[in-house]
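The following note is addressed to a first-year student who is reading this structure for the first time. Please keep the sequence and the model in view while working through the numbered points.

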Amino acid sequence: MGGKKLYINHDLIREKITDIEKALALLDQIALTPEQDFLEDQILISGAKYQLVLSIEAAQNICNHLAARVARETPDSYADCFRILGKSRIISQELAQKMVSMAKFRNLLVHQYGKVDDSIVYRIMKNDTGDLIRYIDEIKLFLRTVWEKERKDGKGKTIDDSRREKEG
């Protein structure tokens with residue numbers, strides 16, 4: 001990150017985090033359905049797939065923004081973007097690998113490379129959406145760290161401390 005101010009669009013990131021949280025709330029509701037009932041209900045299956053796509057794409061939007069603004073790299077693919085965030089220590093390496101898998105799964109859902117097994121959709125909805133919550137948490141932690149560093153004037157004082165000294 002160096003000493004330069006990063007021009008991060010916090011509004012964009014907040015909007016995308018909200019999108020993820022809304023999608024996860026809907027997925028949580030769908031996940032209350034017993035698996036056999038879920039597998040027999042095309043509306044629930046379609047809804048779950050759509051919410052998974054929305055949440056992963058929102059995570060991807062955050063990723064692309066931070067890769068460009070912080071890591072200053074252009075990803076070659078959806079999956080590559082999360083690798084960049086991991087390599088740049090914006091998110092943990094472990095989470096980066098999980099998000100790479102999610103990005104690949106999103107591609108399967110969107111492009112329907114072969115038919116996606118609906119029981120896998122159910123398993124992901126029940127067991128793996130916590131990775132998106134962790135992603136949000138790690139992004140928020142990173143942003144707080146950036147904000148704290150940008151508040152410093154380089155002398156170990158916050159901008160507010162420097163103003164008080166000049167006024168005092």
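In which loop is Arg89 found? The points below begin with that residue and then turn to the interior; the model under discussion is a predicted one.

1. **Arg89.** This residue is found in the loop between α4 and α5. Its phi is positive, about 65°, although Arg89 is not a glycine. The relative accessible area of Arg89 is 75%. Since the threshold for exposed is over 50%, Arg89 is classed as exposed.

2. **Arg72.** A second arginine deserves the same kind of reading. Arg72 sits in the loop between α3 and α4, and its phi, near 55°, is a positive value in a residue other than glycine. With a relative accessibility of 56%, Arg72 also counts as exposed.

3. **The largest nonpolar core.** The largest nonpolar core has 49 residues. Within this core, the residues with the most contacts are Leu66, Tyr135 and Ile139. The elements that contribute two or more residues are α1, α3, α4 (78-87), α5, α6 and α7 (130-151). Of these, α3 gives the most, with 13 residues.

4. **Ile139.** One may follow a single member of the core outward. Once neighbours within four places in sequence are set aside, Ile139 is in contact with Ile13, Ile62, Leu66, Leu85, Ile90 and Ile91. Leu66 thus appears both in this list and among the residues with the most contacts inside the core.

5. **The buried side of α6.** Which residues of helix α6 are buried? In this helix, which spans residues 118-127, they are Asp118, Val121, Tyr122, Ile124 and Met125. These residues lie on the same side of α6, because they cover an arc of only 165° around its axis. Their cover includes α1 (10-30), α2 (35-39), α3 (42-71) and α5 (93-111).

6. **Asp118.** One of the buried residues of α6 is an aspartate, Asp118. Its relative accessibility is 13%, and because buried means under 20%, Asp118 meets the criterion. Not counting residues up to four places away in sequence, Asp118 touches Phe38, Leu39, Gln42, Ile45 and Lys49.

7. **Asp131.** Another buried aspartate is found in helix α7, namely Asp131. Its relative accessible area is 15%. Leaving aside neighbours within four places in sequence, Asp131 is in contact with Leu95, Lys98, Met99 and Met102.

8. **The aromatic pair of Phe38 and Tyr122.** The structure holds two aromatic pairs. In one of them, Phe38 and Tyr122 are 5.2 Å apart from centre to centre, with 45° between the planes, and the pair is tilted. Phe38 lies in helix α2 and Tyr122 in helix α6, so the pair ties together parts that are 84 residues apart in sequence. Phe38 counts as buried at 0% relative accessibility, and Tyr122 is buried with a relative accessible area of 8%.

9. **The aromatic pair of Phe82 and Tyr135.** How are the rings of Phe82 and Tyr135 arranged? Their centres are 5.7 Å apart and their planes stand at 75°. Planes over 60 degrees apart count as edge-to-face, so this pair is edge-to-face. The pair links distant parts of the chain, with Phe82 in helix α4 and Tyr135 in helix α7, 53 residues apart. Phe82 is buried at 0% relative accessibility, and Tyr135 is likewise buried at 0%. Tyr135 has been met already, as one of the residues with the most contacts in the largest nonpolar core.

10. **The disulfide.** A disulfide is a covalent bond between the sulfur atoms of two cysteines. The count for this model comes to one disulfide, which joins Cys63 to Cys81 with an S to S distance of 2.2 Å. Cys63 belongs to helix α3 and Cys81 to helix α4, so the pair ties together parts that are 18 residues apart in sequence. The disulfide is left-handed, because the torsion about the S-S bond of Cys63 and Cys81 is about -120°. Both cysteines, Cys63 and Cys81, are buried.

Key
Residues are numbered from 1 along each chain as its sequence is written. This is a predicted model: local features need pLDDT of at least 70, side-chain atom pairs count only at pLDDT 80 or more; totals for chains, interfaces and linings use all residues. Side-chain values use heavy atoms; hydrogens and water are left out. Buried means under 20% relative accessible area, exposed over 50%, partly exposed in between (1.4 Å probe, protein chains only). Helices (H or I, at least four residues) and strands (E, at least two) are DSSP runs, numbered from the N terminus. The arc is that of the directions from the helix axis to the C-beta atoms. Contact means heavy atoms within 4.5 Å. A nonpolar core is a set of buried Ala, Val, Leu, Ile, Met, Phe, Trp, Tyr and Cys residues joined through side-chain atoms within 4.5 Å. Rings of Phe, Tyr and Trp (its six-membered ring) pair if their centres lie within 6.5 Å; planes under 30 degrees apart count as stacked, over 60 as edge-to-face and the rest as tilted. A disulfide is a pair of cysteine sulfur atoms within 2.5 Å.
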